[in-house]
4 protein chains.
Amino acid sequence: MVMMDRKERDKQLRKADILRAAENVFASKGYHEATIQDIAKQAQYGTGTVYLYFKDKNALYFSLLEEKIQSLINNAKEKTEQAKDAKKKLEIFIRESLVFFEQNQSFFRIYMLEKNSIQLIVSKKVTESFSVLEHATEYVEKLIKHAQEENVIKKNYSPSELADILASIMGSMILNWTKSDLRKVGSLKDKTGFIFDMFLNGAGK
Amino acid sequence: MVMMDRKERDKQLRKADILRAAENVFASKGYHEATIQDIAKQAQYGTGTVYLYFKDKNALYFSLLEEKIQSLINNAKEKTEQAKDAKKKLEIFIRESLVFFEQNQSFFRIYMLEKNSIQLIVSKKVTESFSVLEHATEYVEKLIKHAQEENVIKKNYSPSELADILASIMGSMILNWTKSDLRKVGSLKDKTGFIFDMFLNGAGK
Amino acid sequence: MVMMDRKERDKQLRKADILRAAENVFASKGYHEATIQDIAKQAQYGTGTVYLYFKDKNALYFSLLEEKIQSLINNAKEKTEQAKDAKKKLEIFIRESLVFFEQNQSFFRIYMLEKNSIQLIVSKKVTESFSVLEHATEYVEKLIKHAQEENVIKKNYSPSELADILASIMGSMILNWTKSDLRKVGSLKDKTGFIFDMFLNGAGK
Amino acid sequence: MVMMDRKERDKQLRKADILRAAENVFASKGYHEATIQDIAKQAQYGTGTVYLYFKDKNALYFSLLEEKIQSLINNAKEKTEQAKDAKKKLEIFIRESLVFFEQNQSFFRIYMLEKNSIQLIVSKKVTESFSVLEHATEYVEKLIKHAQEENVIKKNYSPSELADILASIMGSMILNWTKSDLRKVGSLKDKTGFIFDMFLNGAGK
DNA sequence: CATGAATGAGTGTTCATTCAT
DNA sequence: CATGAATGAACACTCATTCAT
């Protein structure tokens, strides 16, 4: 995006190294059990080095979440815009999310591990930088509103509630998939149809 | 249920005291931020006393989850059996779960905070005592299977996946409800109809 | 002073143990180089134990200073009141201070090491509990005022400045004494006369 | 003094830059709270550069003290030699010291903060380079000896003790002055008379 | 049985010092 | 020479767990 000199580029590379290591460690242990030393070792840096790039453990953690969510949203938006009607947009959104999570399983672990903590525990440390999450939900809401306007989705249900439900259905399916034997089950994105159907038509006959 | 002497009864009473305290503390701080001293103080016992009734922090935590889930299932089973057809049973199950969580908000916090951790982190400490959760899902699966047999629910979808989805929809709604201004929104169990509808018929028009 | 049960008494004893250890360690290393582990080890307690009795390193440090200064003042006041005229009072004050510091050499090290830091660096942590020092200087000022009223000391000099000067002369002499070979020089309180003379009559002929 | 080539001159200039920065930083934070990075940044050099000119933090610190004390002594000596009699010399010494400290308040802060640490803590790192202080006290002692020979000062008191006392009285007065509202109180060197009087004639009537 | 004081391993974080560029 | 990123030892402080009373 922006032109940067070698120094700035190297800095970004190292920051990325550390984020990658943090992703693994947080994913396998969760926030509290992960130690900065774990992460530093995983990234093959000294302990102190981590602090050159992130103010503290919390900042590292939220940087990670932010980066990933941002990239998920950006990708979803881009792909979504190629479709015309709201129904297709929704379907693409579901598929792209599944693709993303399939490619980012360790991030998914983190997301699932802490998403509720984030929402329930009102930590002061959090609020600052965490508009990303709001943007994410706002985006899904927008998709749903469009679908309502196009008469694809019932108008009497609140878009924000529907957005949460769609997200939770997807979460549930991804979780199921991660727990199953991956070789047998096939790609996660094959679940798109099922999720889409469940969301639009439910389980009823 | 079982006959017990005074000694055993007292022991159970104290165990319950501690579980009640743990429920509050875990609910407001989450597992890691809660300390045994917090819990002991809240229960008006000495720190060491907690260890007379629970092997360690983890055991206390899972005892709590187990007890609550057990009571949720028991209650749901009992109420559910009063209905004849599968559709009604499902509706009752949903309603009773909502009632339970409305009465046990702090447990719900715990459940939401850690439910994913429980499933994702394969902790050696966990596996032992955690058959309850399986029983719970098994029970919902059974309800769904019945509904499939009675032609209320599509037969081509897996009961276990549908069970997870139903649970996640309910979780999503409860979370929404806890976050909103309780006085305005009314009782949680009023959401029964909406959830039931979403699950059976989806959001589509 | 106050009646206390065994528990409270034991607690005070342990607090005293730790204060004694802290006195040694701070005295030989200064505040920053002293570690809590040093102090705990010296007191033959575990690291964490220190924190049962003192909020943090700072609190321990100031507790120590406060306790010592308080005891110095109390003793000085008591002995001083036995004399009638201001001149005698001043002399007794000087002697008693010397006796105190001779008996509390490691405290004197601490006092000298940090007294200026205390006065120069306006630390927020300090201000709260540090009225003791003010009381101490106030007391010396009062002695000097009395001496001025009794025409023993020039009235045109400010009592507070004179108090500081007296204190600094004493500090200087005590420092000299600690540095010299104690066996040869004799007791510190033998310097009373010299200090008293220097303060009243100066070095001039 | 000595002829030096450009290289050597530049080196001295840079050393001086760093010493100036160190003076500010040490004065406002004290030895332990000051960091090499603070100093380097203040001096507008890289962190590593500091180590090209000073072996370590300690060496930098003592270089600073040494330089300042040296310059104080040199100036005092020079001005002092203009007077003939010992009494006048002493007075000039006091005045010049006050002038120096008034112009070097941040150094004074450092001096007061650590002067006792220096004398009390027998650090291996210190001893090497610290003959300056001895020279300084030796010089004051010499002044006092002269005054004794000229019958201005009592002969029965030890010159070294008197030197320390004079220094401590001056320190006390300077400290008082720095703490007061400078605009009201006027120049520090106006205290010369008072100090001289206190030293020669004491506070007595 | 009940207690809560004592413990010390373990964590996040800082900073003097080094060294590749 | 100059740099400043990297390092890792060190420290204050917490808390699950134990055990003497």
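This briefing covers how two protein chains are arranged and how the protein meets DNA strand F. The model is predicted. Chain B superposes on chain A with an RMSD of 0.5 Å, and 30 residues surround DNA strand F.

**Chains A and B**

- Laying chain B on chain A takes a turn of 178° and a shift of 0.2 Å along the axis.
- The two copies are therefore related as by a two-fold rotation axis.
- In chain B, the C-alpha of G202(B) is the one nearest the axis, at 1.7 Å from it.
- Both copies use the same surface, since 100% of the contact residues of chain B recur in chain A.

**The surface near DNA strand F**

- The closest of the surrounding residues are R14(A), G46(A), T49(A), Y53(A) and T49(D).
- By type, the residues of this surface are 12 nonpolar, 12 polar and six charged.
- Helix α3 (47–53) supplies at least two residues of the surface from each of chain A, chain B, chain C and chain D.
- Of the atoms of DNA strand F that come within 4 Å of the protein, 66% belong to sugar and phosphate.

**Individual polar contacts with DNA strand F**

- T49(D), listed above among the closest residues, has a polar side-chain atom 2.5 Å from a phosphate oxygen of the strand.
- In the side chain of K57(B), an N or O atom is 3.1 Å from a phosphate oxygen of the strand.
- G48(D) meets a base: one of its backbone N or O atoms lies 2.8 Å from a base nitrogen of DNA strand F.

Technical notes: Residues numbered from 1 in each chain as written. Chains lettered and ligands numbered in written order. Predicted model: local features only at pLDDT ≥ 70, side-chain atom pairs only at ≥ 80, totals over all residues. Heavy atoms only, no water. Least-squares fit on C-alpha atoms with pLDDT ≥ 70 in both. Contact = heavy atoms within 4.5 Å. Near = heavy atom within 4 Å. Polar contact = N/O pair within 3.5 Å; in protein donor to acceptor, adjacent residues only side chain to side chain. Helix = DSSP H or I, 4+ residues; strand = E, 2+ residues; numbered from the N terminus. Nonpolar A, V, L, I, M, F, W, Y, C, P; charged D, E, K, R; others polar.
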